[in-house]
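Visitor: Please show me the model. I want reasons along with values.

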Amino acid sequence: MSVVTHAEKIVQIITSSSLESRLVDTFEEIGIAGYTVFNVRGDGDTGIQDSHIDGDTNILIMIVTTPESYERLMEALNKYKRKGQHLMVFSMNTEVLY
Amino acid sequence: MSVVTHAEKIVQIITSSSLESRLVDTFEEIGIAGYTVFNVRGDGDTGIQDSHIDGDTNILIMIVTTPESYERLMEALNKYKRKGQHLMVFSMNTEVLY
Amino acid sequence: MSVVTHAEKIVQIITSSSLESRLVDTFEEIGIAGYTVFNVRGDGDTGIQDSHIDGDTNILIMIVTTPESYERLMEALNKYKRKGQHLMVFSMNTEVLY
Amino acid sequence: MSGFDSLLIPAVLFFALGVFARLIKSDLKFPEGMGKGISLYLLMAIGLKGGAELAKADFGIAFQSIFWAFIMGLVIPMIGYALLRFRDRIDPFNAAAITAHYGSVSAATFLTAIAFLETSGIAHESYPIIMMVIMESPAIIIGLVLAMLARKKLAKSKPAGEGQEVESLNTGALLKEAFTNGSVVLLMGAMLVGALASPEAMEKVYPFSNEIFMGVLCLFLLEMGIEAAKRIKSFKNAGATLISFGIIMPLIGGTIGVFVGVTLLGFSPAGAMLVAILGSSASYIAVPPAMRYGVPEANPSFYLTLTLGVTFPFNVVIGIPMFYQMAIWYSGL
Amino acid sequence: MSGFDSLLIPAVLFFALGVFARLIKSDLKFPEGMGKGISLYLLMAIGLKGGAELAKADFGIAFQSIFWAFIMGLVIPMIGYALLRFRDRIDPFNAAAITAHYGSVSAATFLTAIAFLETSGIAHESYPIIMMVIMESPAIIIGLVLAMLARKKLAKSKPAGEGQEVESLNTGALLKEAFTNGSVVLLMGAMLVGALASPEAMEKVYPFSNEIFMGVLCLFLLEMGIEAAKRIKSFKNAGATLISFGIIMPLIGGTIGVFVGVTLLGFSPAGAMLVAILGSSASYIAVPPAMRYGVPEANPSFYLTLTLGVTFPFNVVIGIPMFYQMAIWYSGL
Amino acid sequence: MSGFDSLLIPAVLFFALGVFARLIKSDLKFPEGMGKGISLYLLMAIGLKGGAELAKADFGIAFQSIFWAFIMGLVIPMIGYALLRFRDRIDPFNAAAITAHYGSVSAATFLTAIAFLETSGIAHESYPIIMMVIMESPAIIIGLVLAMLARKKLAKSKPAGEGQEVESLNTGALLKEAFTNGSVVLLMGAMLVGALASPEAMEKVYPFSNEIFMGVLCLFLLEMGIEAAKRIKSFKNAGATLISFGIIMPLIGGTIGVFVGVTLLGFSPAGAMLVAILGSSASYIAVPPAMRYGVPEANPSFYLTLTLGVTFPFNVVIGIPMFYQMAIWYSGL
Ligand SMILES: Nc1ncnc2c1ncn2[C@@H]1O[C@H](COP(=O)(O)O)[C@@H](O)[C@H]1O
Ligand SMILES: Nc1ncnc2c1ncn2[C@@H]1O[C@H](COP(=O)(O)O)[C@@H](O)[C@H]1O
Ligand SMILES: Nc1ncnc2c1ncn2[C@@H]1O[C@H](COP(=O)(O)O)[C@@H](O)[C@H]1O
Ligand code: NA
Ligand code: NA
Ligand code: NA
């Protein structure tokens, strides 16, 4: 195939919208300039989150990142989790078209 | 890297919003407690689904699951499909941060 | 496991909503009949896109595709990019349940 | 109001604007959720209004209205099914799913009919509002039963195994859903509120529920115009048989409605026209989701193309003034 | 207005309809964002109205109202914390997070109380509106401080390392947030606009902010009914202690409010009832997000179940007429 | 109305509130789609109103208005381009994309100007409404043409291959889009409805389209204030040249508008001020999406920062009262 892609990582974070601005600040601090946010609903240990009131609204943040930034990002997110914040964090491999 | 992740599966289901409550009941039955729902639009064999009227609204349900629950989930979804329901089901590998 | 899945590709495109109708036309031209659209927000080189005004609204288009269509799609998207359009394009492997 | 004048009521003009915008491929579009939000408002408003009036209504006529609404909801989809299955033109699943829509009602069409009357200052009975509530459910049930019979027949002609799974569709749950459908509950509930609340209390609500009603309806029909025109591109897939069904069926349903309204219920021509619209219009709110799950064998694109793309515009532009003239003429016989 | 009549005001009836719809598992639901949009409207409208009236108000009473609102916002959550921690029934983090909600105010309950008065044509002071603004913030601070103390205590009893990280929560930022909360800013800002703009200019805004207000409130309470009923399924998890707290706490807060309103501020029974509602109602707008981040150890499902599922319905159905009677009786002593 | 009073009209105060909320980093925000929904309402309402009045308007003046609107839409972006390219300060693509916005119109600014007049009870011509419709499109075309020329020039100075692909942008489709833009269609369509529908029918729509208009506008400007203030953080990237362009350009456009309004069209000072706002304001609805696809080489963050973050607040706070005074003074010469 003529199209060349680059192996990178996708990190996805599901959390309450109340943490959005703080996470974004953290991204800036560790030098991550791009991210995408989805407004989502969901269910889990902390009950139904169906986005009808502010305390009840989930977001999913997706970051496509190079392997280097990936480590920094995961460590920053891990720190959040160790502070007791509820974040669901997972990652996948991806091929990015430059 | 100091951050440890666990290999799990992501299952994504795209279907009409009319099936949401039934699918959620199914999740509960097979012991899946967490899921995330995206309101989406789309096009496919059954025509444009652009979320302006109820019969016309797509959702995407995403479930992050351990390999064991994965099999149970896929079988339950397969059963839906064999009953003739329109579900688009696909899965990916993921690394989850606990 | 009794459930059989098929290896396919997921292509995701993040771009401004102003390109949606044109991309959809392109999909039709290269014979891709199904796709799913997410309304998203985001940040990147071109500034915050938070979906409050039309020039400021991001979408993510997701296409699940066979390996053959995948190449055609990526080439078509690459052409867009070479024309200077801002698209973020990346792909993943997936297992699809027929 | 002559036939042509009726096209010049603002709501119908905005509908036309929506269709036009889509035809010239304008990027005019409503944000997600706005149409759904507006239709909640409209159901609430019409319910409140109907309830306040029905509180002072004749119980006997109300009961009769309910009875005949139920009958219409059963008979019309059966006629539709027979038409669609004639010479086996349409397969039984699509026939069942499509016809279920015609037994039910399109609230937007009904509200446009009320706008048509109110703009011309013509009084009308409010019983048709309660009839609208009643007609949401029976059609769904008919659709499911027809599909179930088709499925049984198919299962017999096939080796066992495949068929049985289909059988296990939970019909009880589906029936329950037919009666707890959101628009039924909201409309019925708002009617109750309108009937229970004191007139003074209701007066505080009227600026919202009555005064701005016509304007909101215009905005809603603008979106409905866009939605209707979107379906045009599916006309070719649907085929001539289905498209013509989308025009013939409302003619039949509307004629039945005029008869029910004038002869069986003794309504004025205005009231009978509203009953005709109950008969002629086809739901695209409650029924499509029910059919999607209950009759997955049918193609949703068919029924949305027909109800939204053909029957809805037909009724808004032609049906409303025509059935009104028909009711006047028939009342005068 | 007798106690029973008060249940028949449209807003309360729509609340009941929402609860009912959810209980019968109707698929009635609001599009995403609609509830949030409506509550922006309601805050703006009540702010404009309050501001226009406060512009001609007595500065001394206004100042006293602010003072006592602040005190209520501090005292009520402390009482709540003591109740919850009694015999160590509820762990300190959940106790802190829950009680913070009770120091703050539920705008929907407050607006329903105003609807209750206006429907009956009873005049009321407008100082309670400014009190509502004041009470949004101190409760959040109390909640954070209580949780911080609990965290310190826990850290001592544990080996170092784990605890310290928790400590580093940025409390300064959280306090700032407590005061720049969206509803505080909108309410306060709309009050300023109402006070600054000329009466002629305000008159052009009134059809939107005043006339349709009651109707919009009905639509909002319909959604709140659905949201409240959704929490019922979490009652079992929450347990009897928490559920009964959800009823006892508003009784205490409301009684304090009646005392503050009648004795300390010299309000009419109508005004005192509004102060009682400030005391008895529990926030579910500003406080939950603050607690989610500030007290992550607490379970959000608990506080939403209590405030939305127990206290909100209790106040709307029982609290409002009851505190009004209490205020009348106490004023007459 | 003095210059200072004009700042106290509710719509402007709400704009200031939105800016303030954002500056103190309040979490006040509108749900997605709400702003888009409100702007559909505002376009519909202003169109209906304009249409009803234009139905009785002078055809000659209407035609002249259209003509001069078209000329303004062509001339203003050319002046802007020349300014931006002066000493090659801004690259041709960004210059083309930015200047296209200034040829077009900001509906929110225009509506605030109308609110300014109506709050003070000053009558104004309605021709500027039709001029607004006309001015949406030519600017887009100018922007595309300027970018195309720049691209040709660039292609010559580069080896073949790369340039050609860029060339293949479908300009025909882009022109079509300039004329079928959603707000053009809605505004034009609503004007037609307003002109065609009978006055009695329109009266039923007025509570929605006229009476609540001012209040809805307040809510809209609150959101616009938040949106405008969001752009402030991009000021540094944009640089001093662009920021000052965002203030100089509306001064030029507004002055041209006063001249066109008073001298060429013979409007009252109120009408001429509206024409000035057409000239001075910059679109952020129709033009940004067109430039995104049509001039992908330009940075969208630049044009949104300028139009929303600089020119919009400038016009709302300073431009409107200033151009009104200028029109009074110039009319009196
Ligand atoms: N297994 C899962 N798969 C997908 N999403 C999940 C899962 N568990 C939790 N979530 C999402 O994460 C949010 C918070 O989860 P929890 O902290 O468990 O309440 C939920 O509301 C869901 O949106
Ligand atoms: N190839 C595909 N890639 C991504 N989404 C798809 C694809 N095919 C279908 N979909 C989604 O699934 C929904 C239903 O598809 P269908 O049953 O083919 O009409 C569509 O509306 C799309 O949202
Ligand atoms: N690294 C990234 N990860 C995820 N989404 C991104 C990333 N970079 C950009 N985006 C998305 O792509 C959009 C356009 O990016 P840009 O062209 O860099 O402004 C942004 O608004 C984001 O939604
Ligand atoms: Na019907
Ligand atoms: Na309280
Ligand atoms: Na301009």
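Guide: This is a predicted model, and two ligand sites follow.

Visitor: What makes Y102(E), S104(E), L278(E), G279(E) and S281(E) donors of the sodium ion (ligand 5)?

Guide: Their O atoms lie 2.4 to 2.9 Å from the ion. The cut-off for Na is 3.2 Å, so these atoms count as donors. Water is not among the atoms, so the site may look incomplete.

Visitor: How are the donor residues of the sodium ion (ligand 5) spaced in sequence?

Guide: The pattern is Y-x1-S-x173-L-G-x1-S. S104(E) sits in the loop between helix 4 (92-103) and helix 5 (107-119) of chain E, and S281(E) in the loop between helix 14 (269-280) and helix 15 (287-294), so this pair ties together parts 177 residues apart in sequence.

Visitor: Why is S104(E) called buried?

Guide: Its relative accessibility is 0%. Buried means under 20%, so the word applies. S281(E), at 1%, is buried as well.

Visitor: Where does ligand 3 lie?

Guide: Ligand 3 lies between chains A and C. It is surrounded by 16 residues, the closest being T36(A), V64(A), D45(C), T46(C) and N58(C). The shell divides into six nonpolar, seven polar and three charged residues.

Visitor: What makes the pair of T46(C) and ligand 3 a polar contact?

Guide: A polar side-chain atom of T46(C) is 2.4 Å from an oxygen atom of the ligand. The limit for N or O pairs is 3.5 Å, so the pair qualifies. A backbone N or O atom of Y35(A) lies 3.4 Å from a ligand oxygen. Taken alone, ligand 3 exposes 480 Å², and the protein buries 86% of that.

Methods
Residues are numbered from 1 along each chain as its sequence is written. Chains are lettered from A and ligands numbered from 1 in the order in which they are written. This is a predicted model: local features need pLDDT of at least 70, side-chain atom pairs count only at pLDDT 80 or more; totals for chains, interfaces and linings use all residues. Side-chain values use heavy atoms; hydrogens and water are left out. Donors are N, O and S atoms within 2.8 Å of the metal (3.2 Å for Na, K and Ca); water is not among the atoms, so sites may look incomplete. Helices (H or I, at least four residues) and strands (E, at least two) are DSSP runs, numbered from the N terminus. Buried means under 20% relative accessible area, exposed over 50%, partly exposed in between (1.4 Å probe, protein chains only). A residue is near a molecule or strand if one of its heavy atoms lies within 4 Å of it. A polar contact is a pair of N or O atoms within 3.5 Å; within protein, one must be able to donate a hydrogen and the other to accept it, and residues adjacent in sequence count only if both atoms are side-chain atoms. Accessible areas come from the Shrake-Rupley method with a 1.4 Å probe; for residues, only the protein chains shown count as cover. Ala, Val, Leu, Ile, Met, Phe, Trp, Tyr, Cys and Pro count as nonpolar, Asp, Glu, Lys and Arg as charged, and the others, Gly among them, as polar.
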